[in-house]
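The following exercises are to be worked with the sequence and the coordinates at hand. Each task is followed by a solution in steps.

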Amino acid sequence: MIEDRNAATAQGRPTLLDVDAVKMVYSSAHRTVEALGGVRFTVGDGEFVCIVGPSGAGKTTLLKCISGLLRPTGGTVRLEGTEVKAPPQAMALVFQDYARSLFPWMTVEANVELPLKQAGMARRQRRDLISSALADVGLTDVGSAYPWQLSGGMQQRVAIARAIAYRPRILVMDEPFAAVDAQTRADLEDLVRDLWHKLGVTVLFVTHDIDEAIYLGERVLALSASPTVVMDDIAIDLPDARDQIGTRSLSRFGELRKELYGQIQRARHTSG
Amino acid sequence: MRVLSRFLYAVALPCLLALGWWFASRGSQNFFFPPLSGILSAFADVWFSAKIVEDVLPSVLRLASGYLIAAGMGLALGVPIGLSTRLRAYVEPVLEFLRAIPPPVLVPILILFAGIGTTMKLMVIVSGCLWPVLLNTIEGVRGLDETLGATTRAYRFTRRGRLVHFILPGAAPLIFAGLRQSLSIGIILMVISEMFAASNGIGFTIVQFQRSFAIPEMWSGIILLGLVGFIFASVLGFVERRVLHWYFGLRAAERNDT
Ligand SMILES: Nc1ncnc2c1ncn2[C@@H]1O[C@H](COP(=O)(O)OP(=O)(O)OP(=O)(O)O)[C@@H](O)[C@H]1O
Ligand SMILES: [Mg+2]
């Protein structure tokens with residue numbers, strides 16, 4: 001049962017993820033950091049939402065709270081109406097650091113397979129999911145290679161394949177393309193858009209790159225500097241079919257970028 | 001072809017050394033350094049006999065079981081200690097203290113408690129072999145990658161799955177480093193435990209020969225010890241290459257990158 005507090009999003013879809021006044025204070029002996037100061041937003045079922053924020057804004061902290069890896073010190077996260085207290089089955093994560101999120105002692109196939117095996121899925125079904133996930137990311141013939149035998153972009157594709165083979169309702173990505181070169185990055189961006197269309201999965205995509213957020217998302221949330229709150233929530237009214245050159249040279253793209261950029265600059269000034 | 005050349009590389013130096021020893025000791029009149037030819041014929045006479053079953057086998061079995069017990073204990077204790085910061089703070093000073101005690105000094109004490117039988121000898125071997133495995137396992141588990149750990153949680157791995165697919169393989173490079181150190185300690189302690197109080201074993205036999213001035217026979221026992229150590233190390237190396245082949249590949253890939 002989905003709670004009705006924030007029933008519809010900008011797109012008029014039912015709420016899938018509800019982030020409600022999430023606070024996170026890191027405290028250790030000599031220092032307390034208020035990383036999140038009451039973050040509040042919702043994501044509709046099937047939406048593609050991007051979150052932008054400056055470095056150190058608490059983006060990773062926010063995703064850890066959303067994915068149940070970290071208990072927030074205040075507020076609640078609800079997925080499909082249920083409070084998230086541990087990593088939910090309906091969510092898959094792709095980390096920024098691809099080189100450290102794949103198991104180097106397993107082949108590509110075994111990496112994709114392991115979460116399914118852990119979930120107790122039958123072998124036949126696992127085989128099908130692995131081969132379709134690897135085909136979806138364009139890696140049909142490297143199944144028996146080890147991750148460290150692949151390029152950075154290919155490793156990140158493996159991480160994406162593992163996430164989509166898991167059949168999540170929501171795919172959460174933390175600056176997944178920050179460490180790859182520009183061309184690979186453009187390819188991976190288009191790949192994620194395609195997968196979103198094809199699989200109908202909800203995507204929550206974190207980046208520090210404003211252009212990337214506008215190019216990918218249906219909605220962009222801008223975070224302030226810490227203590228972080230959602231400062232702006234912009235609907236991206238660009239045509240649904242996007243391509244790297246055409247979309248980025250639209251005048252509307254420039255306007256959106258200007259708007260977001262201004263917001264983020266203002267956030268810097270007010271906080272610092 | 002590559003296997004053959006690797007083999008030739010591996011045996012070249014030992015052959016040279018043996019040849020050097022052979023010619024340097026040929027016709028030696030020194031009572032304590034007999035000719036290698038004499039040692040080798042003593043080797044055949046002494047060891048290709050009932051001694052294989054009566055002395056070599058017990059030593060090898062004690063070494064193998066002591067070593068395996070120590071390895072098992074090192075893993076069973078090291079994993080939980082490595083995983084818990086609190087537990088580590090609690091036990092680490094004690095471990096450092098215990099590790100600093102040289103195991104041979106425990107022999108007289110262990111004889112008091114456990115007598116002079118197999119139990120005592122196993123305890124001596126375990127008390128020395130445990131530390132390298134234990135401390136390296138702790139270090140290996142502690143150094144596990146956080147992002148990988150988060151991955152296992154995000155994908156809801158079971159406890160067993162985390163242990164088998166993440167903790168043990170991730171710590172394996174250091175665990176094997178510990179296993180290698182333990183092996184050389186184990187061989188030393190096997191001999192020492194047999195020198196104090198024993199009625200059989202390679203160490204015991206060597207001491208007997210030395211006391212009765214059977215010098216070529218004593219030398220043949222030393223060569224046998226070297227061979228036993230070599231065989232154990234080869235088996236360990238074989239297992240290591242199979243378990244850690246990903247690690248050697250990864251390291252080679254990293255070297256080529258930079
Ligand atoms: N485990 C932790 N303990 C204490 N402070 C932390 C911890 N993790 C993060 N922080 C602090 O919280 C703040 C937000 O960190 P976070 O990693 O979430 O930012 P980010 O937006 O993901 O940054 P980046 O763009 O560099 O990845 C930072 O000031 C950081 O120092
Ligand atoms: Mg981050």
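A polar contact is a pair of N or O atoms within 3.5 Å. The model used throughout is a predicted one.

**Exercise 1. The surroundings of ligand 1**

Task: Establish which residues come nearest to ligand 1, list polar contacts made with its oxygen atoms, and state how much of its area the protein buries.

Solution.

Step 1. The shell around ligand 1 comprises 13 residues, and those that come nearest are S55(A), G58(A), K59(A), T60(A) and T61(A). Sorted by class, this shell holds 5 nonpolar, 5 polar and 3 charged residues.

Step 2. Apply the 3.5 Å cut-off to pairs of N or O atoms. From the backbone, an N or O atom of A57(A) is 3.2 Å from an oxygen atom of ligand 1. From the side chains, a polar atom of T60(A) lies 2.7 Å from an oxygen atom of the ligand, and an N or O atom of E175(A) is 3.0 Å from a ligand oxygen atom.

Step 3. Ligand 1 taken alone exposes 630 Å², of which the protein buries 62%. Two elements of chain A give two or more residues to the shell, namely β2 (31–44) and α1 (59–66).

**Exercise 2. The six-stranded sheet of chain A**

Task: Determine the strand order of the sheet that contains β3(A) and β10(A), identify its edge strands, and describe the pairings of β3 with β8 and of β9 with β10.

Solution.

Step 1. The sheet is open, has 6 strands and follows the order β6-β7-β8-β3-β9-β10 in chain A, with mixed pairing. Its edges are β6 (91–94) and β10 (230–235), each of which pairs on one side only. On average, neighbouring strands are turned by 15 degrees against each other, with direction ignored.

Step 2. For a parallel pair, take β3 (residues 48–52) and β8 (residues 202–207) of chain A, which are joined by 5 bridges. Within this pair, V52(A) stands opposite T207(A).

Step 3. For an antiparallel pair, take β9 (residues 219–223) and β10 of chain A, again with 5 bridges. R219(A) has A235(A) in β10(A) as its bridge partner, and a hairpin of 6 residues connects β9(A) to β10(A).

**Exercise 3. The four-stranded sheet of chain A**

Task: Give the strand order of the sheet that contains β2(A), and explain why one side of each edge strand is left without a neighbour in the sheet.

Solution.

Step 1. This open sheet has 4 strands in the order β2-β1-β4-β5 of chain A, and its pairing is antiparallel. Because β2 and β5 (82–83) stand at the edges with a single partner strand each, one side of each has no neighbour in the sheet.

Step 2. The single partner of the edge strand β2(A) follows from the order: β1 (residues 15–28) runs antiparallel to β2(A) and is joined to it by 11 bridges. One of the bridged pairs is S28(A) with R31(A) in β2(A).

Step 3. Return to the ligand: β2 (31–44) of chain A is also among the elements that give two or more residues to the shell around ligand 1.

**Exercise 4. Annotated spans in chains A and B**

Task: Relate the UniProt annotations of chain A and chain B to the secondary structure of the model.

Solution.

Step 1. In an unreviewed entry, UniProt assigns "domain: ABC transporter" to residues 19–250 of chain A. That span is 33% helix and 27% strand, and its end C-alpha atoms are 32 Å apart.

Step 2. Chain B has 11 helices and 0 strands. Its C-alpha trace spans about 70 × 55 × 30 Å along the principal axes.

Step 3. The UniProt annotation "domain: ABC transmembrane type-1", also from an unreviewed entry, covers residues 56–240 of chain B. In the model this stretch is 87% helix and 0% strand, with end C-alpha atoms 25 Å apart.

Step 4. The "transmembrane region" feature in the unreviewed UniProt entry includes residues 60–85 and 163–179 of chain B. Residues 60–85 are 96% helix, and their end C-alpha atoms lie 38 Å apart. Residues 163–179 are 100% helix, with the end C-alpha atoms 19 Å apart.

Key. Residues numbered from 1 in each chain as written. Chains lettered and ligands numbered in written order. Predicted model: local features only at pLDDT ≥ 70, side-chain atom pairs only at ≥ 80, totals over all residues. Heavy atoms only, no water. Near = heavy atom within 4 Å. Polar contact = N/O pair within 3.5 Å; in protein donor to acceptor, adjacent residues only side chain to side chain. Areas by Shrake-Rupley, 256 points an atom, 1.4 Å probe, with all protein chains shown as cover. Nonpolar A, V, L, I, M, F, W, Y, C, P; charged D, E, K, R; others polar. UniProt positions renumbered as here; feature names shortened; annotations may be inferred. Pairing = 2+ DSSP bridges. Axes fitted to C-alpha atoms, helices over the stretch in contact; angles between N-to-C directions.
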